[in-house]
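Hi,

Here is the structure I promised to pass on. Have a look at it first, and then read on for what turned up.

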Amino acid sequence: MTRLSNPIEDIKSHYKVVVIGSGYGGGIAASRLSRAGQQVCVLERGKEFQPGEYPNTDVNAVGEIQVDLPGKHIGSRTGLYDFRVNQDINVFMGCGLGGTSLVNANVSLQAEPRVFEDPRWPKELQNDVDTLLAEGYRRAEEMLKPNSYPEDSPALPKLQALEKSSKYLNEKFYRPPINVTFKDGVNHVGVEQKKCNFCGDCVSGCNHGAKNTTLMNYLPDAKNHGAEIYTQVSVRTVEKQGDRWLVHFQLLNSGQQIFDAPTMFVSADIVVLAAGTLGSTEILLRSQQAGLSVSNQLGHNFTGNGDVLAFGYNTDQTINGIGFGNRAGTRESVGPCITGIIDMREQPRLDNGMVIEEGSIPGALAPFLPASFAAAGKVLGKDSDEGWGDRIKEKLRETESLTRGAYTGAVRNTQTYLVMTHDDAAGQMYLEDDRLRIRWEDVGKQSIFQRVNDRLAEATRPLGGTQIPNPIWTSLFGHDLVTVHPLGGCILAEDAERGVVNHKGQVFSRDRGTAVYENLYVADGSVIPRTLGVNPLLTISAVAERCCALIAKDRGWTINYDLPSVPPTTPTAPAKVGIQFTETMRGYFSTQVKDDYQRALQQGKKDNSPLQFTLTVISDDLEDLLNDIDHTAKIVGTVTAPAIAAEPLTVTDGIFNLFVKEQDKAKTRQMRYDLHMTTKAGQKYYFEGFKEIHDDPGFDLWSDTTTLYITIYEGDSNKNSVVGKGILKIQPADFIKQMTTLKVTNALSRAESLQAIDRFSRFFVGTLSELYF
């Protein structure tokens, strides 16, 4: 399977452009700026999922859930389904290469023109609504390829039910454009896609390759134009360093967190923050705490885009709104998650408008649905029709679901409603214990949400069902909300008194006025200053397209928009089973003694000159590591050496050699470390270290394998002058931690993973046995 992401050990120390995030904003920035001929690096917090790898069972889905609660974080920080729980409003978003585009419902609708008449938008953008912004919409549609559910495709009961509701409401109904492909073939950026199989699992991740996420268009297009993409990289802060920007990050799932390792960094001339509404705001808030001057409006004007989730439970007609999950085959068509819309936006007062869309629930959740809906219906539901005969039928359907599962009875007859309207965009994001929280008192009590609830009750009445509001939008839970469309926090504005970025997306550098950081941009949903009243992905994309066009224009770059784009002629080699581990070593280093390791150690102790590193050793090909004469792997990480730099140095392009034979020394092996190190100021150093593995009198196996003799040179090679020497050791406690970081990569099964660990362990122990026993 071809991957878009690069191995993290290939990351360079500097790029022209670093893009943080890979959703609609980040994918667009990566594509457009690489098309402008710039060297682009994309950093994404989540993992790369390709079609076929998304969870389709309840067990696998639970394994990909991460929940950030006020008191703690549960689950892997790279879990695909990212829930943020707050007191007033909760957020669901995607975490993976492609961002929330991986788990959204694909609807590509433009915002109502009146939305842009709001004075919260900068005048320069308002002046561009019919020009640059309109061009942004067109460019986004050209890449995302939205189209409506075809008339000649299978009839969908959930779509027919929504149309029935629209007639009862006497409101406009149509099939909205959705980012789904309905034909097989190679797309406009060289990615092979399959036509939709109508499985209904859009929001758990499309395993069929039919959903036009940024993983299918903008990101491979960026790759086609030379961008480098790195995953499982969590950006913490951005820092201005002279004319460069430093992007500080943690490697996730590497084991470095176990050692409380310092952040690594990569430098860039230009940084584009596109980590999503919560991600970009959190990074800037943390950067502000670290000393970056920004507007005091940072974190303000958060909105959930008026999102409401509700259900028409146990209706009198078939809905068939539960996705296939792992039950594919001859099932009846569910269809893409959203295929129809009741559009009630054209109201005399803009903020009274709303849209109602039907949805599908992923099949991976099917086992949980019968009992959950039955309980919610009893406690929260309001039946839209009366009569003993109807109640008996409803009870029979409910019993059928409870006994035979979600694809029968009451759950099969349940309509999912997704509503977007307008709230007051008055939420605030802030940091608490270094984590993003949201405060928005009584947001769910705004009158618009009661109006939505009333309209949904009306929409359910012709279907004969029980209307169930979002379970947390009740008095029991203080009328809290949940949103899948968070916006705001870094909003566009005329000046720093009113927002965080200017109309181009450049971050204001003061808390007042219009001064900006020329090369620091935000380009995602966080810049949207108000609700859009409809699915926001296309407007976010249009604004990001406009931002990139202005970045290029200001620098005299030309973006080549020609399509199709062609993947590199050299095919990417299929991933092989690899292995990695992280280790920490500590010791002393002297710049005074440059010719003897032991004397340097003693002088370093005397001068209180410590040196330690936390390094991740990575082999992307276990067979090559075991069989190559030099047993080579790569290294990334950090080195802390106060004698050289006040703050940790970042290691890139490091090389590790395991058990290298020494000439004329049959019973001796060396472990070698060759590291390229960079300070925050951009100064380069070269680190050369070795462990001497040789059986001397007495038991010296532990000391041999845990003692590293180091020399540090100026510049980028050992041909330059020596800075100093020292000795590092592995502490027993650190060794125990190190063992927990050993993991196999790219294994297709647990059996293959265990076999790889066994092979590596046999080689390691076997070599030591040969030398010592």
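Strands here are DSSP runs of E with at least two residues, numbered from the N terminus. Thr582 sits in one of them, strand S25. Before going further, please keep in mind that this is a predicted model.

**Thr582 and strand S25**

Is Thr582 buried or exposed? Its relative accessible area is 0%, and buried means under 20%, so Thr582 counts as buried. Leaving aside residues up to four places away in sequence, its contacts include Ser254, Gly255, Gln256 and Phe259, along with Thr614, Leu615 and Thr616. Gln738 and Thr741 touch Thr582 too. With Ser254 there is also a polar pair: a polar atom of the Thr582 side chain lies 2.6 Å from the backbone oxygen of Ser254. Thr582 and Phe735 are 153 residues apart along the chain, yet 9.7 Å separates their C-alpha atoms.

Tyr588 is in S25 as well. At 28% relative accessible area, Tyr588 is partly exposed. Its contacts beyond four places in sequence include Leu601, Gly604, Lys605, Ser609, Pro610 and Leu611, and also Lys725, Gly726, Ile727 and Leu728. For a longer distance to check on screen, the C-alpha atoms of Tyr588 and Ala30 are 42 Å apart, with these positions 558 residues apart along the chain.

**Helix H16**

Two of the Thr582 contacts, Gln738 and Thr741, bring us to helix H16, residues 732–741. Which residues of H16 are buried? They are Asp734, Gln738 and Thr741. Viewed down the helix axis, these buried residues fall within an arc of 55°, so they line one face of H16. Ile736 and Thr740, on the other side of H16, are exposed. The cover over the buried residues includes strand S25 (578–590) and strand S33.

**The second largest pocket**

S33 (743–745) turns up again here, as one of the elements that supply at least two residues each to the lining of the second largest pocket. Helix H2 (58–63), strand S26 (610–619) and helix H17 (750–772) do so too. The volume of this pocket is about 1,900 Å³. How many residues line the second largest pocket? There are 48, and those nearest its centre are Arg3, Gln232, Thr745, Asn746 and Ala747. By type, the lining divides into 17 nonpolar, 17 polar and 14 charged residues.

**Cavities**

The count of cavities of 30 Å³ or more comes to 8. The largest cavity has a volume of about 80 Å³. Its lining consists of Val180, Cys196, Asn197, Cys199, Asp201, Cys202, Cys206, His208, Ala210 and Lys211. These divide into 6 nonpolar, 2 polar and 2 charged residues.

**Asn187**

One last residue to look at is Asn187, in the loop between strand S8 (185–186) and strand S9 (192–193). Why does Asn187 count as buried? Its relative accessibility is 15%, and the cut-off for buried is under 20%. The Asn187 side chain reaches the backbone nitrogen of Val189 at 2.9 Å. Apart from residues up to four places away in sequence, Asn187 touches Gln193 and Met216.

Over to you, and happy browsing!

Note on methods
Residues numbered from 1 in each chain as written. Predicted model: local features only at pLDDT ≥ 70, side-chain atom pairs only at ≥ 80, totals over all residues. Heavy atoms only, no water. Helix = DSSP H or I, 4+ residues; strand = E, 2+ residues; numbered from the N terminus. Buried < 20%, exposed > 50% of the residue type's maximum accessible area, 1.4 Å probe, protein only. Polar contact = N/O pair within 3.5 Å; in protein donor to acceptor, adjacent residues only side chain to side chain. Contact = heavy atoms within 4.5 Å. 1 Å grid on protein atoms, 1.4 Å probe; cavity = no way out; pocket = protein on both sides within 12 Å on 5 of 7 lines; lining within 4 Å. Points joined across faces, edges and corners; volume = space filled by probe spheres on them. Nonpolar A, V, L, I, M, F, W, Y, C, P; charged D, E, K, R; others polar. Arc of directions from axis to C-beta.
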